[in-house]
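Grab a pencil and take a look at the protein below. Then try the exercises before you read each solution.

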Amino acid sequence: MACLAAGMVRADQVASVRGEFFAPPVEYSTAPLWVWNDQMTEEQVRQCLRDLASQHVMQAFVHPRPGLMTPYLSEEWMSLWKVALDEAEKLGMNVWIYDENSYPSGFAGGHVPDLMPESRAQGINFEEVADVPLPLDPDVLAVFAMTDSGFNDVTPAPNSNPAFATGKYVLVKRTWDQPSGWFGGKTFVDLLHPGVTEKFLEVTLDAYKEAFGEEFGKRMPGSFTDEPHLAHSRGLHWTPDLPEAFQKRWGYDLMKVLPSLQFDLGDWKRVRHDYYQLLNELFAERWGKVYYDYCDRAGIAFTGHYWEHEWPNTRTVPDNMAMGAWQHIPGIDILFNQYNEGVHAQVGNVRAVMELASVANQLGRKHRLCETYGGGGWDLRFEDMKRIGDWVSVLGITFVNQHLTHSTLRGARKGDYPQTFSYHATWWDAYHVQADYRARLSLVLSNGAQINDVLLIEPTTTVWMYQGPNKEYREKVGESFQALVTELAKANVEFDIGCEYIMEHWGSAKEGKLHVGERAYSLVVLPPFTENLNSPTMKLLEEYLKQGGQVLCMDKEPPVMVDAQASDHPREASASKTWFTPDTAPWPAPALQSRQCADPAGFCITLPADNKGIVYHQRRQFEDGQLLFIVNTSIETEAKGDFRCGGVGGVEQWNPETGETGLAYPFEKRDGGVAGSFTLAPCGSLLLYLSKDQKDAVPAPAPLTFAAVAPFGGMSVKRTSPNVLTLDYVDVTVGGESRTEQYYYAAAELIFQKHGLDRNPWDHAVQFKNELINKTFAPESGFEATYRFSIEGKKIPTPLYAVVERADLYTIACNGQAITPSPGEWWLDRAFGVIDISACVQSGDNVLTIKAAPFTMFHELERAYVLGDFNVMPKDKGFAIAVGAPLTVGPWNTQGSPFYGAGVAYTQTFDAANPSGRYEVALGDWLGSVAKVRVNGEEAGYIYHQPFTCDVTKLVKAGANTIEVEVIGTPKNTLGPHHGEPPLGIAAPDMFRKGPVPGPPAGASYSTNGYGLFAPFELRTAAP
């Protein structure tokens, strides 16, 4: 793509990468999904971009999402986009298109089904009946009489009047996607219906092109698609011309064999294979390639991701890798913060990331995107971010797309799959540390070339045959492949995954190697349970074997089918002298690792037998050397190992956290190359440059021995922000009905229902055009809600403040006394008004009452908060405010701060009589998102990953040194979820909707995290 050439060309010299390493260009910045989820204003748009730029996040995708009140794609929408581009120009940022009003992509916020009713998504299901209901429902496509061994098509001719005896029948019925608030009151669309993709692009991208076409490929680099997939309606995917396309593609009538899609009857393997291969081809041709070609012509990059989490279930996306081939920046989605290596896992799912990396390697895609951290919960910490980010990066991701950056958290939006990468997060002013680190890794891993010698073919065409109701065998195939990919990656074997669709279109055999696009492989591995190969794959392997290419088949017997039909071709190919089986080769991980390490001119990582870390690596090759990235994904155990690389002459370390290069690293000369060792802390990483220039070996330095510097005086511990009490229960009066002790979410639902809506329409739903925002209500409409809190003891901690979301919408009173928000004051979110209640609170019970009259579409009842310098004490029902003891070391949530998630400063003085050598601050047992270190009032750095130290040598002075460690929590304790024993590492909207009624429950039952410093920090010194 000529229009993207400047951003897509790789550097082939490490020297070029070195020159940009400290401050990478904007294309390497992370780019969050910037959620427009409000009635957006020019001020809000500009401020959000400034907030991102302040933390070195220099790109963003404008993501319409539930809560959006500005009509999508309207003139107002485009005028705000103009503002965004203007501000981005001032800040040097890029702003990307997100192609949908929420997700999955294709319905254009309801515009496509509105303009093209025939696009409504369809499916088919199979209904077993004893008596055929007559007359037949128009959606019955076929009727089959069933036997134990097969079926007979007994579909009556049109306009006939059949008679069916009682028996065993299957009705194949068309199903239709149903209107939903998620689709703006419309339905999802059939992405295979001819013309749907074109209409979608006309409605969405054409609108942006008309308004801002001069910025395409420049300030607007590309378009993000989110989770387009098939089979959205109940059952299997259906499109009107599928029977015709099937007949043309395969030469037989799909309508006569439909039961084989559901039952193990007839030639069911072939029918299912052919059905899913056709869906795959149509999905690529009618959606992926159309979109890709449009972006190609428009000069923008097509990126985003499909719904790739179901494999080996292929009903939603028949072949993940095939669809990635039709993206300029292929992408995936890795959700949550719960490590699991299973076939349907998110973080830990090696196969999912390596599928994407392999497509990129083979088709020359410089950038590879991952929507990262989604739904990881308000408890996501910097160490978690590093662990997840390093894991996706070492396996092949270059473009981290954070989920999400909220414009506002008001209303139900704070439960929309948090985390947020925005000013709302307690740790936001430290985020540049993460942003710079990720940008530097993106620069390194986007340039040069990852060249792998082994191709592992994914058995997708085999699992197509097992897409029936009995999923056990299909899962067995998938789990086996998953385990193999993970084991090979952990053994640090360098390999790519092969997709039969990509091999068909971009594969060839040349000079004894199997070529796929830009990559050439000298060994092809067929995994266990490979029962089928498609005919283009088989022909490619036959030619490759004729040229002396090697195949390792992990089953003793070769595949038995080609195109899901019995074939002798695999058996005949297996007679080749270069076809190996488990009889002639051990299980691949040790065998392939030994094969790789046996080449003295090659590269090898070896781990000790007792290694418990999780070590992965990626190697980028350049004309003047190699860049090697090694990661320990374990969050619990350190990892040790050795590396060896031929054809290079020196080693130096690069530091992505500081931007430094040329750092000495111990290595020795060996076998015409270099060798060295590494030790990685939990979640640790190492970036090395293996230079072709000959360098002198560097011996390992003597380990430093640190001694603690004795502190003097006591440690000061204090919150850096006001303490908070979250009030999540209310008494509500609305529509002539009063309810007490209601969880706020249930009360909010009641309020909307009393005003004629089913539920909060801004919660997990989207607006079509302006249908919601323009609703008005009678002058006598509205509601009253009362929050209750108590203050123990006669002494009232003052000042005290109440926080109410959109306080400007309400008449507010505290204990019957009218109060008003402080002008310009806000807390947590710029829409959260702050009200001084010091003059109206009293010892004992207190009430905070808000009244809305008339009701508007802006009135989302939410939690309220009380702020001040107080302690929060758990009671049998909720909590009470009290004057209490100051904080000490230990968890905050057991010291009167259960809802607090901002910073706590621990300050200690140390005497350095004659400072020399190295000094560092070291944390022991602690929990927080990040710790900020200050020495004598100057910022020294941040601590967030093991070994939990910060070098402060340059700031230590002779005599007394005051050191402050501010431990910063997360928004989890303030925002929840608090009820129903929610797990950590995952948060979805439904988790925030749970609260026992009546309530509040006992304070001790609220789910909060024990952030804090659990032992005094140390100042340590080591002699030079």
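Here are five short exercises, each with a worked solution.

This is a predicted model, where local features need pLDDT of at least 70 and side-chain atom pairs count only at pLDDT 80 or more, while totals for chains, interfaces and linings use all residues. Residues are numbered from 1 along each chain as its sequence is written, and side-chain values use heavy atoms, with hydrogens and water left out.

**Exercise 1. Find where the cis bonds to proline 799 and proline 1000 sit.**

Step 1: Start with the bond from threonine 798 to proline 799, which is cis, with omega near 0°. Proline 799 belongs to the loop between strand 40 (783-791) and strand 41 (800-805). Helices (H or I, at least four residues) and strands (E, at least two) are DSSP runs, numbered from the N terminus.

Step 2: Move on to glycine 999 and proline 1000, whose peptide bond is cis too, again with omega near 0°. Look for proline 1000 in the loop between helix 21 (972-975) and strand 57 (1012-1013).

**Exercise 2. Is glutamate 227 buried or exposed?**

Step 1: Check the backbone: glutamate 227 isn't a glycine, yet its phi is positive, about 60°. You'll find glutamate 227 in the loop between strand 8 (222-226) and strand 9 (236-238).

Step 2: Apply the cut-offs: buried means under 20% relative accessible area, exposed over 50%, and partly exposed in between (1.4 Å probe, protein chains only). Glutamate 227 has 11% relative accessibility, so it counts as buried.

Step 3: Try leucine 828, where phi is positive as well, near 70°. Leucine 828 is in the loop between strand 44 (826-827) and strand 45 (829-836). With 16% relative accessibility, leucine 828 counts as buried.

**Exercise 3. Which parts of the chain does the salt bridge between glutamate 860 and arginine 410 link?**

Step 1: Know the rule: a side-chain nitrogen of Lys or Arg lies within 4 Å of a carboxyl oxygen of Asp or Glu. That gives 54 salt bridges.

Step 2: For glutamate 860 and arginine 410, the N to O distance is 3.7 Å. Glutamate 860 is in the loop between strand 46 (844-852) and strand 47 (864-868), and arginine 410 is in the loop between strand 14 (405-406) and helix 13 (432-446), 450 residues apart. Both of these residues are buried.

Step 3: Now take lysine 932 and aspartate 429, whose closest N and O atoms are 3.1 Å apart. This pair links strand 53 (residues 930-935) to the loop between strand 14 and helix 13, across 503 residues. Lysine 932 is buried at 5%, whereas aspartate 429 is partly exposed at 40%.

**Exercise 4. How many aromatic pairs does the whole structure hold, and how do tryptophan 326 and tryptophan 506 meet?**

Step 1: Rings of Phe, Tyr and Trp (its six-membered ring) pair if their centres lie within 6.5 Å; planes under 30 degrees apart are stacked, over 60 edge-to-face, and the rest tilted. The search finds 57 pairs.

Step 2: Tryptophan 326 and tryptophan 506 are 5.7 Å centre to centre with 55° between the planes, a tilted pair. Tryptophan 326 is buried at 11%, and tryptophan 506 is partly exposed at 28%.

**Exercise 5. Which ring does the charged end of arginine 249 sit over?**

Step 1: The test asks for NZ of Lys or CZ of Arg within 6 Å of the ring centre and within 35 degrees of the ring normal.

Step 2: Arginine 249 sits over tryptophan 250, 4.1 Å from the ring centre.
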